[in-house]
Amino acid sequence: MTTSELIHSDLRINSYGSYLRRRFSCRVSKVNVDGGFTCPNRDGSRGTGGCIYCDNSSFSPKETVAVIPIEEQMAAGMAYHRERLGSEKFIVYFQKFTNTYAPVERLADLYRRALDHPDVLGISVGTRPDSLAPGAIDLLTEIARDRYVCVELGLQSMDDAILARINRGHTLAEYLNAVERLSGRGMEICTHLIHGFPGETREGFLKTARLIAGLPVTSVKLHQLHAVENTRLAQMYRDGSWQPIGVDEYIAAACDFLEELPTRVSVQRLYGSAPLSIRVAPNWNLKNNQMWYAVLNELKRRGSWQGCRLDRAVRAA
Ligand code: SF4
């Protein structure tokens, strides 16, 4: 597809919502479910303490926790999106913690139960680059033969020094290896990124867009680093060792990032928010769609759009 077919002139970016509508010819929503997983960066198998921005209070011990059956979670989520947005079809998003971190039989049971619903087109699975055992990749490959599958990989930063500083528990090399192992198997690959880490520069952050331009990544999720209660980041904010970036700085960096992102990569998210009761900093008080339009308006003001700073060859790749 050409740039003008991928980017609506009013939107200036290839939004994931538009992509899903083009691909499935109907309104599609993602429905979040909690599969009762935990995380190897918490339970000691990979690290302890978790990422510095991860909410301690929401964590369970190594064993999985009992959760509401996913069928019930899906029914509630689908009813909400049907009523609010008129959505007709759904992608079930295994979102909470590390959703490939379990024996393959358990993964197969959960994924298949999600896919059993007639209005479910496929699944999105959020995970870490170090948590993709061969059995899990084979299972996802098999599902992707006739259903939509997206693996959402948390990278957050491509700078190993930052990854170590935030106690991420994996390296850039592990992310690149995960992308290589997932590619060519009929699955989409989404990469999660955060901007505003201690010691991160705008230029350092923008290198990530250039990295992604050369990888088979199909979508990105980006948000500002923000601190919630019960995290080490909240302590750092309170003791003055971390300051959040300003909203205008974030919007400018997000636009710079998008201008270097190929149009074939769709954009799933540009903002992270937390309930007021646990939010520590920053306090921008914006809703998701307000940030979305703030970024689009800045692109409009600049007269730019997603991928406009790439040369023609990369843009079309
Ligand atoms: S990888 Fe995700 S779930 Fe695990 S500690 Fe980091 S933020 Fe928390």
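**Notebook: a predicted model, entry by entry**

I began with P129, which sits in the loop between β3 and α5 (134–144). The model I am reading is a predicted one, and I keep that in mind for every value below. P129 is buried, with a relative accessible area of 5%. Setting aside residues up to four places away in sequence, I found P129 touching L153, G154, H170, E174, Y175 and A178. I also looked up the separation between the C-alpha atoms of P129 and L172, which comes to 9.0 Å although the two residues are 43 apart along the chain.

**Confidence**

I then turned to the confidence of the prediction, where the mean pLDDT of the protein is 92 and 92% of its residues reach 70 or more. The stretch of residues 59–65 falls below 50, and I noted that this stretch nevertheless has 16 contacts in the model beyond near neighbours in sequence.

**Ligand shell**

Which residues come nearest to the ligand? I listed C39, G50, C51, C54 and R128, out of 11 residues around the ligand. By class, the shell divides into 6 nonpolar, 2 polar and 3 charged residues. I checked the burial of one of the cysteines, C51, and found it buried at a relative accessible area of 8%.

**Cysteines**

How many disulfides does the structure hold? I counted 0. As a reminder to myself, a disulfide is a covalent bond between the sulfur atoms of two cysteines. For C308 the closest cysteine sulfur is that of C255, and because the two sulfurs are 9.8 Å apart, they are too far from each other for a bond. C308 itself counts as partly exposed, at 21% relative accessibility.

**Salt bridges**

My count of salt bridges in the model comes to 23. I followed three of the pairs individually.

In the pair I took up to begin with, the side chains of K30 and E152 meet with an N to O distance of 2.5 Å. This pair links distant parts of the chain, since K30 belongs to strand β1 (residues 28–33) and E152 to strand β4 (residues 148–156), 122 residues apart. Are K30 and E152 buried or exposed? Both K30 and E152 turn out to be buried.

Next I looked at D119 and R82, whose salt bridge has its closest N and O atoms 2.5 Å apart. Here too distant parts of the chain are linked, with D119 in the loop between α4 (104–115) and β3 (120–127) and R82 in helix α3 (residues 70–85), 37 residues apart. R82 counts as partly exposed, at 35% relative accessibility.

The last pair I examined is R202 with D256, a salt bridge of 2.5 Å from N to O. R202 lies in helix α8 (residues 202–213) and D256 in helix α10 (residues 247–259), so that the pair links parts of the chain 54 residues apart. R202 is partly exposed, with a relative accessible area of 31%, whereas D256 counts as buried at 10%. Tracing shared partners outward, I found that salt bridges join R202, E203, R210, D256, E259, E260, E298, R301, R302 and R309 into one network.

**T208**

Staying with helix α8, I looked up T208, which lies in that helix and counts as buried at 3% relative accessibility. Which residues does T208 contact, leaving aside its neighbours within four places in sequence? I recorded L155, M158, L193 and F257.

**Backbone**

Most residues other than glycine have a negative phi, and most peptide bonds are trans. With that in mind I went through the exceptions. The peptide bond from A281 to P282 is cis, with omega near -5°, and P282 is found in the loop between β9 (279–281) and α11 (288–302).

S25, not a glycine, has a positive phi of about 55°. I placed S25 in the loop between α2 (16–24) and β1, and its relative accessible area of 64% makes S25 exposed. N167 likewise is not a glycine and has a positive phi of about 55°. N167 lies in the loop between α6 (160–165) and α7 (172–182), where it counts as partly exposed at 24% relative accessibility.

Definitions and conventions. Residues numbered from 1 in each chain as written. Predicted model: local features only at pLDDT ≥ 70, side-chain atom pairs only at ≥ 80, totals over all residues. Heavy atoms only, no water. Near = heavy atom within 4 Å. Nonpolar A, V, L, I, M, F, W, Y, C, P; charged D, E, K, R; others polar. Disulfide = S-S within 2.5 Å. Buried < 20%, exposed > 50% of the residue type's maximum accessible area, 1.4 Å probe, protein only. pLDDT = per-residue confidence, 0-100. Contact = heavy atoms within 4.5 Å. Salt bridge = Lys/Arg side-chain N within 4 Å of Asp/Glu carboxyl O. Helix = DSSP H or I, 4+ residues; strand = E, 2+ residues; numbered from the N terminus.
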